[in-house]
Amino acid sequence: MPAARRDEALAKPQTGVHAIAEHRGEPFSSRAFAVETFRQLAAMSHDGVGISRATYGEGETRAMEYVAGIARAEGLEVSYDAAANLVIELPGSDRTLPVVACGSHLDSVPQGGNFDGAAGVVAGLAALIRLKRSGRPSTRTVRLYALRGEESAWFGRCYMGSLSLFGRFPRDDLKAEHRDTHRPLREYMQEAGADVDLIEAGEAIIDPKSIAAFFELHIEQGPVMVARDLPIGIVTGIRGNIRHQNVVCRGEAGHSGAVPRWLRRDAVFATAELLSRVDEHWRVLMERGLDLVVTAGILSTNPAEHAMSRIPGETRMSFEVRSQSFETLEAFHHLLLTECRAVGAARKVEFTFDRRIDSKPARMDEKLVQRLLDICARLGTPTEPLPSGAGHDSAVFANAGVPSAMIFVRNQNGSHNPREAMEIDDFVAGADVLHEALRETAN
Ligand code: HGY
Ligand code: MN
Ligand code: MN
């Protein structure tokens, strides 16, 4: 949405803002605030099946404007940076000091859940409102980021808003095509108000040293904390990944009745054999204690030509391997290519790969991890340190040199699906830890 229209939309009060502003008279309740804000975000982003807040699209922008409206109504400073990330600040008494930041992303996968990303933004907003209403200004400015483009689902690239912050968004990725419209990402970023020339030039929007600490609250998105009956988790490290959005297997189409097995070049059977070989390597390496997960999230024959009576000449799939160890990622990627050559020779097919996309693993800052564990102990909140299987913007902040830490909130039914759920009690417990961490680190 062009900047002018967006500002005009900002001026127009959002219904949710009025409902929130009424809380201004009473003592602030994170619970009531969160219930209302999640309700509004879901209402504006529901796609009939689940939540869709498209990266650098209307849904993400609408959610940002809603959050910005609440922040303005609470007297916080609101701006958009050159990547069109939303930046909300509670000024500290000494604005020359590096800020204490928090935040997460506001985009979602298609037909996803309402809490992936948004939970971190809502918790950060609740913390800034509480800090402001306390009337006790902190020494350091406290900043909340509602980041753009964390999800890879829309353009096959991830961490767009956070990588752009540090001048690390690969310029070629501006050409990445939207999954539905096939228009390039650069057009969407431009329409959202980003300075694409600055991003293309690899110019940093901020100096990592200008941030003393970055905290991200996020739902776990997995089953571990439910299984361990843990409401809160403190993240020690974030898995990195190597991804290919488009791996093509080409064989030879043919009549399913007329071609005997020994003359076939069947792309489906070749792909199936490749994946079962890869799965066996995965099983063995796990047995040896390596941290590893492997997924072929997209797999298809061409619907324009496939048929029951036709030997498939081509399959397309995505491929993703994740680990906390970059050596493991590299070794497994090498194994994949080796197996492609072996299956290709055996079945007379050819596997071709698009550009690989790497996201580095990240370690969380040990001092901040300990601070969060101490805060949980002080608040009487059960918690444990644990690794993150999912990727998060905190990995980008950490790898850019910003001391970073994450607060995991238990959530039900996993994530990246419309059944994603979260208990508001668990959210409030996490939001309290975040509030304490910001208050303590900013003074
Ligand atoms: O894919 C991820 O790990 C993140 O949830 N976008
Ligand atoms: Mn997320
Ligand atoms: Mn996600």
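Are Phe-155 and Tyr-188 buried or exposed? Both Phe-155 and Tyr-188 turn out to be buried. Keep in mind that this is a predicted model. With that said, let's start with the metals and come back to the rings later.

**The two manganese ions**

Ligand 2 and ligand 3 are manganese ions sitting 3.4 Å apart, and Asp-116 coordinates both of them. Here is how each site is put together:

| Ion | Protein donors | Distances | Spacing along the chain |
|---|---|---|---|
| manganese ion (ligand 2) | His-105 (NE2), Asp-116 (OD), His-218 (NE2) | 2.1 to 2.3 Å | H-x10-D-x101-H |
| manganese ion (ligand 3) | Asp-116 (OD), Glu-151 (OE), His-416 (NE2) | 2.1 to 2.2 Å | D-x34-E-x264-H |

Where do the donors of ligand 2 come from? His-105 belongs to strand β3 (residues 99-105), while Asp-116 is in the loop between β3 and α5, with the two positions 11 residues apart. His-105 and Asp-116 are both buried.

Over at ligand 3, the reach along the chain is 300 residues for one pair of donors: Asp-116 in the loop between β3 and α5, and His-416 in the loop between β17 (404-409) and α14 (424-441).

Which of these two donors is buried, and which is partly exposed? Asp-116 has a relative accessibility of 3%, so it counts as buried. His-416 has a relative accessible area of 43%, which means it is partly exposed.

**Aromatic rings**

How many aromatic pairs does the structure hold? The count is seven. One of them joins Phe-38 and Phe-115 in an edge-to-face arrangement, with 5.0 Å from centre to centre and 85 degrees between the planes. Phe-38 sits in helix α3 (residues 30-45), and Phe-115 is in the loop between β3 and α5, so to speak a link between distant parts of the chain, 77 residues apart. Phe-38 has a relative accessible area of 5%, so it is buried. Phe-115 comes in at 14% relative accessibility, and because the cut-off for buried is under 20%, Phe-115 counts as buried too.

Now back to the opening pair. Phe-155 and Tyr-188 are also edge-to-face, at 5.3 Å centre to centre and with 70 degrees between the planes. Phe-155 lies in the loop between β4 (142-147) and α6 (160-165), whereas Tyr-188 is part of helix α7 (residues 185-191); the two are 33 residues apart.

There is a cluster to look for as well: Tyr-145, Phe-166, Phe-214 and Phe-397 form one aromatic group.

**Two helices side by side**

Finally, find helix α4 (residues 58-73) and helix α5 (residues 118-134). Their axes come within 11 Å and cross at roughly 5 degrees. Angles under 35 degrees count as roughly parallel, and therefore α4 is roughly parallel to α5.

Which residues make the contact? From α4 come Val-67, Ile-70 and Ala-71, and from α5 come Val-121, Leu-125 and Ile-129. By class, that contact has six nonpolar residues, no polar ones and no charged ones.

Methods:
Residues numbered from 1 in each chain as written. Chains lettered and ligands numbered in written order. Predicted model: local features only at pLDDT ≥ 70, side-chain atom pairs only at ≥ 80, totals over all residues. Heavy atoms only, no water. Axes fitted to C-alpha atoms, helices over the stretch in contact; angles between N-to-C directions. Helix = DSSP H or I, 4+ residues; strand = E, 2+ residues; numbered from the N terminus. Parallel < 35°, antiparallel > 145°, perpendicular 65-115°, else oblique. Contact = heavy atoms within 4.5 Å. Nonpolar A, V, L, I, M, F, W, Y, C, P; charged D, E, K, R; others polar. Donors = N, O, S within 2.8 Å, 3.2 Å for Na, K, Ca; no water. Buried < 20%, exposed > 50% of the residue type's maximum accessible area, 1.4 Å probe, protein only. Phe/Tyr/Trp six-rings, centres within 6.5 Å; stacked < 30°, edge-to-face > 60°.
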